[in-house]
Amino acid sequence: MSGDGRLKGTAENEAWRLGSLIEAFPLPAFEVDRTGAVLSANRAAEDLLNLPRSRMVGSRYDQPVLDVSEVDGAPIDFERSPVPRALAGETVRDHPVRVKVEGRDAPLFLCLSASPLRDDHGDVCGAVVTAHDITGQHLAEDQLKQSQSRLNAVLNNTTMAVFVMDERQHCIYANTAAELLTGYRFDEMQGRPLHDVVHHTRPDGSHFPLEECPIDRAFPEDNQVQGEEMFVHADGSFYPVAFTASPIRDDASRTVGTIIEVRNIKEEQGRRRALEILSHTAAAVAGEHDLDRLVQTVVDAGVEISGAAFGAFFYNVLDEAGARYTLYTLSGAPRSAFEQYPMPRATAVFHPTFTGEGVVLADDILRDPRYGQNEPYNGMPDGHLPVRSYLAVPVKSRSGEVLGGLFFGHQDPGIFTSEHADRVQSLANQAAVAIDNARLFQANQRELEQRSRAEAGLRELNSELERRVADEVAERTRAEEALRQAQKMEAIGQLTGGVAHDFNNLLTVIMGGLEIVRRSDSLDARGRRSADLAWQGAQRAATLTSRLLAFSRRQALQPKPLDLNVVVRDLTDLLHRTLGEQIELEGVLAPRLWRVEADPGQFESALVNLAVNARDAMPSGGKLTIETSNASLDDAYQAVDAEVVPGQYVMVCVSDTGCGIDRDTLTRVFEPFFTTKEVGKGTGLGLSMVYGFVKQSGGHVTIYSEPGEGTTVKMYFPRYYGDLTAEQENPVDRMIPEAVSGEVIILVEDNEDVRAYSSSVLRELGYEVLEAADCEAGLALVKSAPRVDLLFTDVVLPGRSGRELADAASAARPNLRVLFTTGYSRNAIIHQGRLDPGVHLLPKPFTFEQLACRVRDILDRP
């Protein structure tokens with residue numbers, strides 16, 4: 001073969017090899033000749049561009065088959081595109097372009113690379129072009145730019161200054177608020193530590209080292225840091241800021257930077273300082289009785305909280321002409337600055353303040369239309385302190401009298417705001433109260449001095465005067481406290497009495513239903529045990545409501561003449577068992593103890609309740625002492641407790657050596673449901689029952705205690721002067737009596753459930769029952785029924801009470817027998833704990849047997 005043949009064969013082999021390589025290349029690839037025309041394209045190019053090779057081969061770079069443009073959509077500069085640059089001998093890498101592909105809605109974004117092909121002589125004979133699909137990357141970058149744009153929009157519209165630091169703690173972002181806060185543009189802060197920009201110097205001028213900067217600790221400590229610092233503005237001024245520096249973490253939880261939020265707190269600190277000053281001033285003037293010091297304190301505080309250059313208080317005193325005001329005190333200026341001028345007059349500027357019309361606030365008093373309208377000065381006289389900003393607030397007493405005015409000024413205009421006016425108004429209110437108190441104190445002092453001089457001749461009384469005044473004030477305070485306590489206990493008593501009334505209605509129905517169930521012969525053992533347990537629970541609930549009624553003084557007592565020494569001795573064994581072996585019981589019983597008239601059962605319950613409380617206060621043992629004695633409570637004692645009636649009493653004192661009670665707890669011990677015991681170990685009704693029982697018995701109860709010193713409870717019962725003969729109790733017949741044929745009972749009860757239960761029991765007993773829900777309906781039945789043997793009515797009814805119904809019914813049927821029932825009497829039939837004469841009562845809740853026996857007892861009476 002000739003030399004030319006061998007060369008031709010070699011060129012063909014090289015072309016074949018290049019074509020094979022391009023075809024096998026995984027990325028889209030093209031071969032172009034030296035003119036820029038496409039010689040070949042691989043299958044990857046066909047797949048990506050959705051175009052057959054036949055359409056691509058022969059096309060030139062400057063006349064492409066597809067629509068090719070710059071990434072942003074601008075026309076492409078073909079002379080600077082990768083192909084001509086490669087044909088010029090340059091290797092081009094990663095040139096991005098935008099390509100519109102047929103059959104595809106969205107364009108492709110490709111990264112083109114081109115390398116020159118050289119012949120054996122090194123001359124460029126063509127080029128190889130590869131394409132990398134960056135569409136996904138481009139879309140992600142575009143979305144990131146949009147997100148960043150939205151984030152910038154949010155951050156640039158917030159008032160919080162935001163800085164972002166990279167891992168070197170150099171600033172890479174600052175929003176608009178940050179630029180306004182610091183006085184620096186972002187490009188002036190970018191790439192610099194924030195500390196070097198705004199935090200490099202302390203207010204005293206000394207250098208602030210970076211290693212001491214608390215804001216910079218967030219990144220190395222990988223922890224959020226908050227606090228307050230002083231920043232340096234671009235103009236060199238200092239301002240306080242509150243900051244929060246938080247570490248920024250990437251997806252791998254590595255700390256890659258810091259985000260710092262900062263706000264200017266100069267105004268906030270001003271408000272806080274103003275509140276501190278107002279609070280301190282209020283405390284300072286509250287007990288200040290010297291008017292000079294008091295007013296000086298107020299004016300000094302006003303200057304500080306308003307930012308005024310000077311301030312004054314003018315005392316509202318009219319002279320003979322009725323138009324002058326006396327300067328009282330100054331702050332921020334010497335008194336001599338005003339002494340050479342006449343006092344203010346009732347001009348248009350001063351008039352609103354001294355008449356109490358309101359606050360006068362002027363950004364520039366020289367421009368206020370009220371200024372300069374009065375001769376002879378027509379404004380401020382020559383040499384007067386310069387005043388442009390002006391603020392005046394009246395000081396008015398509780399009675400509405402204008403005591404004077406607080407006036408503040410500044411040589412510059414626009415100093416005072418409405419917030420300053422509000423602060424000074426608060427100060428004026430404090431001043432008014434303090435001045436009133438000081439004047440009252442001084443008036444009292446003058447009165448005491450005059451009294452002292454008038455009584456100078458009575459040496460003994462003179463020496464005792466101060467003590468007597470103090471004792472009188474203390475006694476009056478104790479009396480007022482006792483009255484407030486009595487009123488509170490009375491209010492709580494009314495509330496608990498009402499609650500007990502509703503519970504008694506519910507318990508009447510519950511216990512009645514349980515009793516019917518328990519009387520049934522069809523119950524098995526399990527059912528009977530359940531019914532018995534429910535019955536026991538209902539009885540405990542009835543006991544609780546009974547204690548509530550005892551506290552509210554609405555229970556019906558059964559008082560009898562008693563020798564309390566005998567009752568205490570009879571309870572000794574029970575008390576020993578209650579207290580246990582660790583507690584010593586001692587009785588100190590007075591001889592010739594007066595008799596009292598009280599309910600023995602309630603007295604025993606009260607004594608046992610006190611013993612149980614004492615036991616619980618002595619978990620490690622101790623001593624309980626029960627003492628009785630005769631006592632007389634006089635008018636002086638009544639002054640301490642308005643509910644006490646002066647007279648002779650029998651005192652029962654129960655003392656223990658337990659842990660005692662603190663003062664705050666002591667004021668609440670008689671309140672229902674108040675207990676210091678653990679949950680489940682007390683109802684909180686023991687002492688409230690004692691309180692109610694003693695008060696309802698006409699007596700008085702006191703409690704004395706100190707932590708660690710034990711507790712003493714004293715009960716006072718009025719002395720009984722009546723007949724000491726006690727009634728004998730007759731044995732009770734346990735047979736349940738039934739009705740005599742034809743007996744008719746009118747039942748009046750507003751509670752539907754109680755009425756249903758009561759009528760069911762009465763009918764079961766054989767009575768004919770006529771029912772009514774209120775007084776009017778019941779009275780109509782009384783008048784219309786042919787026969788009525790008994791009126792059984794609730795005391796508390798809507799509209800007129802059961803007592804009013806009974807009176808009206810007795811007027812219509814003079815011999816009509818009446819039986820009342822109630823869970824809460826409200827003094828309708830019970831007074832001083834006793835039933836009114838001739839009144840018969842069946843308290844709620846009542847059982848089947850109690851109702852049957854009580855009705856039969858009333859009907860069988862002659």
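In the predicted model, strand β24 (residues 744-748) runs parallel to strand β26 (residues 790-794), and the two are joined by four bridges. Within this pairing, Val 748 of β24 has Thr 793 of β26 as its bridge partner. Strand β24 also pairs with β25, again in the parallel sense, and here five bridges are found; in this second pairing Leu 747 stands opposite Glu 771 of β25. The connection from β24 to β25 passes through helix α23 (residues 752-764), and the three elements together make a right-handed β-α-β unit.

These pairings belong to an open sheet of five strands, arranged in the order β25-β24-β26-β27-β30, in which the pairing is parallel. Strands β25 (768-772) and β30 (841-843) form the edges of this sheet, each of them pairing on one side only, and from one strand to the next the twist averages 20°. Helix α25 (residues 802-812) packs on the sheet, where it touches β24, β26 and β27 (817-822), and its direction makes about 160° with that of β26. Helix α26 (residues 848-860) likewise packs on the sheet, touching β24, β26, β27 and β30, with a direction that makes about 150° with that of β27.

Helix α26 is also packed against helix α23, the helix of the β-α-β unit, at an angle of about 65° and with the two axes 10 Å apart. The crossing of α23 past α26 is right-handed. On the side of α23 the contact is made by Tyr 757, Ser 758, Val 761, Leu 762 and Glu 764, while α26 contributes Phe 848, Leu 851 and Val 855. By residue class, this contact of α23 with α26 divides into six nonpolar residues, one polar and one charged.

A further open sheet of five strands has the order β18-β20-β21-β23-β22, and its pairing is mixed. Strands β18 and β22 (700-705) stand at the edges with a single partner strand each, so one side of each is left without a neighbour in the sheet. Neighbouring strands of this sheet are turned against each other by 15° on average, direction ignored. Helix α18 (residues 572-579) packs on the sheet and touches β18 and β20, its direction making about 155° with that of β18. Helix α19 (residues 600-616) lies across β18, β20, β21 and β23 (711-718), and runs at about 170° to β23.

The mixed character of the pairing can be followed at strand β20. Strand β18 (residues 583-588) pairs with β20 (residues 622-633) in the parallel sense over six bridges, and Glu 586 has Thr 625 of β20 as its bridge partner. By contrast, β20 and strand β21 (residues 647-656) pair in the antiparallel sense over 10 bridges, with Ser 629 standing opposite Met 651 of β21.

Elsewhere in the chain, helix α11 (residues 291-306) packs against helix α14 (residues 418-454) at an angle of about 175°, with their axes 10 Å apart. Because angles over 145 degrees count as roughly antiparallel, α11 and α14 are roughly antiparallel to each other. Residues of α11 in this contact include Leu 291, Leu 294, Val 295 and Val 298, and those of α14 include His 420, Arg 423, Val 424 and Leu 427. The residues of the contact of α11 with α14 divide into 12 nonpolar, four polar and two charged.

Definitions and conventions: Residues are numbered from 1 along each chain as its sequence is written. This is a predicted model: local features need pLDDT of at least 70, side-chain atom pairs count only at pLDDT 80 or more; totals for chains, interfaces and linings use all residues. Side-chain values use heavy atoms; hydrogens and water are left out. Two strands pair if DSSP finds at least two bridges between them. Axes are lines fitted to C-alpha atoms, for helices over the stretch in contact, and angles run from 0 to 180 degrees between N-to-C directions. Contact means heavy atoms within 4.5 Å. A crossover is right-handed if, with the strands pointing away from the viewer, the path from the first strand over the helix to the second runs clockwise. Angles under 35 degrees count as roughly parallel, over 145 as roughly antiparallel, 65 to 115 as roughly perpendicular and the rest as oblique. Ala, Val, Leu, Ile, Met, Phe, Trp, Tyr, Cys and Pro count as nonpolar, Asp, Glu, Lys and Arg as charged, and the others, Gly among them, as polar. A crossing is left-handed if the near helix is turned anticlockwise from the far one by less than a right angle, and right-handed if clockwise.
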